[in-house]
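This report examines how two helices pack against each other and how a nonpolar patch on the surface is built.

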Amino acid sequence: MTEKRQEQDRDWTDAHVERWLPVLPTLDPDIEGAVTRMSRLTVHLRRVREQSLVDFELDRQEFDTLHKLAGRGGAASPSELAADLDLAPASVTGRLDGLERRGLVRRTPSRKDRRRVDVELTAAGRSTWRGAMAVLGHEEERLLGALPAWERALLADMLRRIMLMAERDAGAERGSEG
């Protein structure tokens, strides 16, 4: 990206990189541009997600619980949800109490083991979860719609290769902590 972009093709990050190049002459403008854009996109999508939660009257923990439940086909045991959410079972019980009071989930005796309960999404819970998901999905499609399908596939592949490097390095760090 050594050539100057036309003014209408410039974004906030272009000015950011230009501002830092004289300060850090060894700065790679492509790396700085890519990392800064990924960071800003993450912040943007987080804001959209948080606004969708407000719009659907959910807090983050409620959404996460509905999301994990939906990911299991709409039904799970509390212990499965606790494992999926990486929480203590008592924490999940508190979440489920609130979601059940709001009519978003219901707990029923397990068909497999009468000592246990199953948790399932209600129609209202599924609708609320889908609505919140649709807002973020629409924004993701809007943003990535700036690229033709082949470029989206190329971007996904490039990001996968970067993530594989990060995950490999994170695994090596975890292995050296013991």
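The text below treats the helix packing first and the surface patch second.

The model is predicted. Two packed helices are described by the angle between their axes and the distance between the axes. Here helix α4 and helix α5 pack at an angle of about 105°, and their axes lie 9 Å apart. Because angles of 65 to 115 degrees count as roughly perpendicular, α4 is roughly perpendicular to α5. The table lists the two helices and the residues that form their contact.

| Helix | Residue range | Residues in the contact |
|---|---|---|
| α4 | residues 78-85 | P78, L81, A82 and L85 |
| α5 | residues 89-101 | P89, V92, R95 and L96 |

By type, the residues of this contact comprise seven nonpolar, no polar and one charged.

On the surface, I31, V35, M38, L159 and I162 make a nonpolar patch of about 420 Å². Two elements, α2 (29-55) and α7 (149-175), each give two or more residues to this patch. Helix α2 provides the largest share, three residues. V35, one of the patch residues, is found in helix α2.

Terms used:
Residues numbered from 1 in each chain as written. Predicted model: local features only at pLDDT ≥ 70, side-chain atom pairs only at ≥ 80, totals over all residues. Heavy atoms only, no water. Axes fitted to C-alpha atoms, helices over the stretch in contact; angles between N-to-C directions. Helix = DSSP H or I, 4+ residues; strand = E, 2+ residues; numbered from the N terminus. Parallel < 35°, antiparallel > 145°, perpendicular 65-115°, else oblique. Contact = heavy atoms within 4.5 Å. Nonpolar A, V, L, I, M, F, W, Y, C, P; charged D, E, K, R; others polar. Patch = residues over 30% accessible without salt bridge, like charges linked within 9 Å, V, L, I, M, F, W, Y side chains within 5 Å. Areas by Shrake-Rupley, 256 points an atom, 1.4 Å probe, with all protein chains shown as cover. Salt bridge = Lys/Arg side-chain N within 4 Å of Asp/Glu carboxyl O.
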